[in-house]
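Student: I would like a close look at a single part of this model. Please take the protein surface that faces one nucleic acid strand, and then set it against the rest.

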2 protein chains.
Amino acid sequence: MRPEPNLTHLMRHVLKNHRFHVDRLIRDYDVFPGQPPLLLRLSDNDGLSQRELADSKGVKPATLTVMLQRMEKTGLLRRSADEKDQRVSRVHLTDKGRRAAEAVRQAMDEVETRCFEGFLPEEKLLLRRFLLHMQDNLASWSPDES
Amino acid sequence: MRPEPNLTHLMRHVLKNHRFHVDRLIRDYDVFPGQPPLLLRLSDNDGLSQRELADSKGVKPATLTVMLQRMEKTGLLRRSADEKDQRVSRVHLTDKGRRAAEAVRQAMDEVETRCFEGFLPEEKLLLRRFLLHMQDNLASWSPDES
DNA sequence: ATATTATAGTTAGCCGACTAACTATTTTAT
DNA sequence: ATAAAATAGTTAGTCGGCTAACTATAATAT
């Protein structure tokens, strides 16, 4: 009666659980569920443009605009126009943003550690290979064919 | 400069791509991105309660209520009160819903096939084992410890 | 038998994601 | 040099997910 859930369904379940734990660990920093990757990216590379951030996160510019507006409102970052190209706006972390990013980094590390407890290094490598293989299969599937 | 993306980040990427392809294949059936699993579940098991559906999909009842309202409006399903327990409402696919479910099943099969092209059966088993291991690690992590 | 508690759904309001249509600026072509 | 095309962001509207607060019905306890 309970059909074996397929692999992608299982993956979704795992990721939901993963996100839940990360959120739980940083809920005191005004950081919302989609923001951790952004904070880490900015912490590694201050002053990126919104376009670069969107590409980096694999998200549409419209999505990013709204997220950044919220994060600016909660004081995690500020935006300033690029001097040479008035179209682009560059994003900088505030002090609060840097503290949040540090907390996020710790939380992500902790969850990642827990998540892969009991994995051998070669198993993690194998998992990475599988994921890259899947990614390659899906990305190279042009919408035209069958 | 480009840090190795961690495994969960990679997983998110793969799933986004997966969902994109499923959506592409069923966009002519009034079926929106979160609805495929629901349609399949109902197609296998008509007349489930909302509670059962929510648990099955791993989603909060409030989320389901809104999704079902939309799907009822587009004519994919209808709801009726249980006779024995007036609190529960049972969900049934319409003919249109059954046709959509069939299309979804085909689309999912096709994407799943593409996704795992070049995988050996034992590799898929290994991947499942890894995911269950991760799921177990995360699910057994009580919020209290560390 | 009544009062309490538990369960099923709903509503409201938020965040994250998308597309489509828009503005503003910079490049490129003619 | 001016017109056309490309690029960066924004806005509006929708779907999917959540939490919190609510209603209605059923089950339990005293």
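Tutor: Around DNA strand C there are 27 residues, and the nearest of them are K60(A), Q50(B), R51(B), T65(B) and Q69(B) (a residue is near a strand if one of its heavy atoms lies within 4 Å of it). This is a predicted model, in which local features need pLDDT of at least 70 and side-chain atom pairs pLDDT 80 or more, while totals for chains, interfaces and linings use all residues. Residues are numbered from 1 along each chain as its sequence is written, chains are lettered from A and ligands numbered from 1 in the order written, and side-chain values use heavy atoms, without hydrogens or water.

Of the strand C atoms within 4 Å of the protein, 78% are sugar or phosphate, and bases make up the rest. Three polar contacts (pairs of N or O atoms within 3.5 Å) involve phosphate oxygens of this strand. K60(A) places a backbone N or O atom 2.9 Å from a phosphate oxygen of DNA strand C. On chain B, a polar side-chain atom of Q50(B) lies 2.8 Å from a phosphate oxygen of DNA strand C, and an N or O atom in the side chain of Q69(B) is also 2.8 Å from a phosphate oxygen of that strand. The elements that contribute two or more residues to the surface near DNA strand C are α4 of chain A with α3 (50-57) and α4 of chain B (helices are DSSP H or I runs of at least four residues, numbered from the N terminus). The surface near DNA strand C has 8 nonpolar, 9 polar and 10 charged residues (Asp, Glu, Lys and Arg are charged; Ala, Val, Leu, Ile, Met, Phe, Trp, Tyr, Cys and Pro nonpolar; the others polar).

Now DNA strand D. It has 28 residues around it, with Q50(A), R51(A), T65(A), Q69(A) and K60(B) coming nearest. Of the strand D atoms that come within 4 Å of the protein, 79% are sugar and phosphate. A backbone N or O atom of G34(B) is 3.2 Å from a phosphate oxygen of DNA strand D. From chain B side chains, an N or O atom of T63(B) lies 3.0 Å from a phosphate oxygen of DNA strand D, and a polar atom of R70(B) lies 3.1 Å from one. At least two residues of the surface near DNA strand D come from each of α3 (50-57) and α4 (61-73) of chain A and α4 (61-73) of chain B. By class, that surface has 8 nonpolar, 10 polar and 10 charged residues.

Next, the packing of helices. Helix α6 (residues 121-139) of chain A and helix α5 (residues 95-115) of chain B have axes 8 Å apart, at an angle of about 125 degrees (axes are fitted to C-alpha atoms, with angles from 0 to 180 degrees). α6(A) is therefore oblique to α5(B) (under 35 degrees is roughly parallel, over 145 roughly antiparallel, 65 to 115 roughly perpendicular, the rest oblique). M134(A), N137(A) and L138(A) of α6(A) make the contact with V111(B), R114(B) and C115(B) of α5(B) (heavy atoms within 4.5 Å). This contact has 4 nonpolar, 1 polar and 1 charged residues.

Within chain A, the axes of helix α2 (residues 36-44) and helix α5 (residues 95-115) come within 9 Å and cross at roughly 115 degrees, so α2(A) and α5(A) are roughly perpendicular.

How values were computed. A polar contact is a pair of N or O atoms within 3.5 Å; within protein, one must be able to donate a hydrogen and the other to accept it, and residues adjacent in sequence count only if both atoms are side-chain atoms.
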